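Here are some worked exercises to try with the model open beside you. Attempt each task, then follow the solution step by step.

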Amino acid sequence: MVCMDRGWLPLAATALAGSAACVCAVYHFKKKASKNRPPSPPPYNWLLSLSNYAHAPFFIMPDMHRYATEWANKLGGVYVMYIQGPFYVVTDAMLVYQVISRGDLGMPKHQELYRMTDWILSHRSPQLFSTADESGDMFRAFRKGLAPCFSTENLKKSFPKVRACAEKMVSMWEKMYLATEEPVLTDSWMNRATLDIIGQVGFNYEFKALDFEHNTFIEAMHENLIELSTSMGENPFDRLFPFTSQARQSAARRRRTKELFNAVYEAVKSRGEPPADDQSIGANLMRIKNPSTGQPFPEEIVLANLTIMLIAGYDTTAATCMWALYDIARHPDVQKRIAQELAEAGLLQVP
């Protein structure tokens, strides 16, 4: 007969009880913290429900919009998703205006979300979107210095470039549809057009995303955004074990992406002093000086602000345009009114 030493049982029972107590404590504090918050959709799984990433996997699903619509119908005009902490999703149009206002009802920006530049560039430098100090020299200087880029007059000057990219994209859609008679997946092409427009208008830089089947910038950004969304980019084990396969792949991906942003920065900087009539983002970034010293800001701060302007303007603009086209396509009466308005402005030939 073989007898087993059961001295390990008390130790195992203690460990199990301790783990259960930790899980219960996390659940209790998370539930207590969310007591006064709006409702939240079901988590992706029970394990993630114990963390601040309960809904992160949904965030990168192709049909995320279907989940978002379903949750809005069930939970109302405001609900909370946990992606990297609580994210408030506001679908009530009147509430959106109040939330993004700078008044008493306005909500502070989510600083951690916009610190992706720290992760990509491998250094933490303040930039417009992540800084909490809106009275500091950096914030005031860059906000004032970049304001002319978005003036009505400057945007009107950019319209020919925007129109040329849009016509090029639509022409490609026509050819693809005539060749296959299959619906065209517009999202990836809208990303390409948006990148080309931002490159040309914002930085006088040619990404040529509409010209080739593969684009290194789009592919790198897609990989990085997925990694960040699933919190892999902030996996503490990557820091503890930097020689693991996953950690090495992540580091290599960040290096490639950093090189792409550096290439844009170096191209802008190599042009020297921009002419007075150049009010592009790149030109104005080169002009900004620290109001306290009268000297240019350090290169890492300028690069961080260039990076966040590219990131923030690329995917968000493409998604907004794509959904606008989708909604317009669903309403023929709206299409006719838009066509009529464009024709009256001499911008469209109506048969």
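**Exercise 1. Is Gly-77 buried, partly exposed or exposed, and what does Gly-77 touch?**

Step 1. Gly-77 has a relative accessible area of 25%. Buried means under 20% relative accessible area, exposed over 50%, and partly exposed in between (1.4 Å probe, protein chains only). Gly-77 is therefore partly exposed.

Step 2. Now place Gly-77 in the chain: Gly-77 is in the loop between α3 and β1. Helices (H or I, at least four residues) and strands (E, at least two) are DSSP runs, numbered from the N terminus.

Step 3. List the contacts, meaning heavy atoms within 4.5 Å. Leaving out residues up to four places away in sequence, Gly-77 touches Val-89, Val-90, Thr-91 and Asp-92.

Step 4. Compare sequence and space: Gly-77 and Met-94 are 17 residues apart in sequence, and their C-alpha atoms are 9.6 Å apart.

A note on the source: this is a predicted model, in which local features need pLDDT of at least 70 and side-chain atom pairs count only at pLDDT 80 or more, while totals for chains, interfaces and linings use all residues. Residues are numbered from 1 along each chain as its sequence is written, and side-chain values use heavy atoms, with hydrogens and water left out.

**Exercise 2. Check the span of helix α3, then find which of its residues are buried and which are exposed.**

Step 1. The expected span of a helix is 1.5 Å times one less than its number of residues. Helix α3 (residues 64-75) has 12 residues and should span 16 Å; its end C-alpha atoms are 16 Å apart, which agrees.

Step 2. Met-64, Trp-71 and Ala-72 are the buried residues to mark in α3. They cover an arc of only 100° around the axis, which puts them on the same side of α3. The arc is that of the directions from the helix axis to the C-beta atoms.

Step 3. Turn to the other side of α3, where Arg-66, Asn-73 and Lys-74 are exposed.

Step 4. Look for the cover: α2 (56-59) and β1 (78-82) are included in what covers the buried residues of α3.

Step 5. Finish at the end of the helix: Gly-76 follows α3 and has a positive phi, near 100°.

**Exercise 3. Where is Asn-215, and which backbone atoms lie by its side chain?**

Step 1. Asn-215 sits in the loop between α8 (186-203) and α9 (216-229). With a relative accessible area of 8%, Asn-215 is buried.

Step 2. Look for polar contacts: pairs of N or O atoms within 3.5 Å, where, within protein, one must be able to donate a hydrogen and the other to accept it, and residues adjacent in sequence count only if both atoms are side-chain atoms. A polar atom of the Asn-215 side chain lies 3.2 Å from the backbone oxygen of Phe-207. A polar atom of that side chain also lies 3.1 Å from the backbone nitrogen of Phe-217.

Step 3. Add the contacts beyond four places in sequence: Asn-215 touches Leu-195, Phe-207, Lys-208 and Ala-209.

**Exercise 4. Which residues have the most contacts inside the largest nonpolar core, and which helix supplies its largest share?**

Step 1. A nonpolar core is a set of buried Ala, Val, Leu, Ile, Met, Phe, Trp, Tyr and Cys residues joined through side-chain atoms within 4.5 Å. The largest has 35 residues, and those with the most contacts inside it are Phe-142, Leu-146, Phe-203, Phe-261, Leu-285, Phe-297 and Leu-310.

Step 2. Trace the helices: α5 (116-121), α6 (137-146), α8, α9, α11 (245-270), α12 (281-287) and α13 (299-329) each supply at least two residues of this core. The largest share, 10 residues, comes from α13.

Step 3. Look apart from this core for another, of eight residues, including Phe-58, Met-64, Trp-71 and Tyr-79.

**Exercise 5. How many disulfides does the model have?**

Step 1. A disulfide is a covalent bond between the sulfur atoms of two cysteines. Here it is counted as a pair of cysteine sulfur atoms within 2.5 Å.

Step 2. By this rule, the count is zero.

Step 3. Check two cysteines: Cys-149 is buried, at 5% relative accessible area, and Cys-321 is partly exposed, at 34%.
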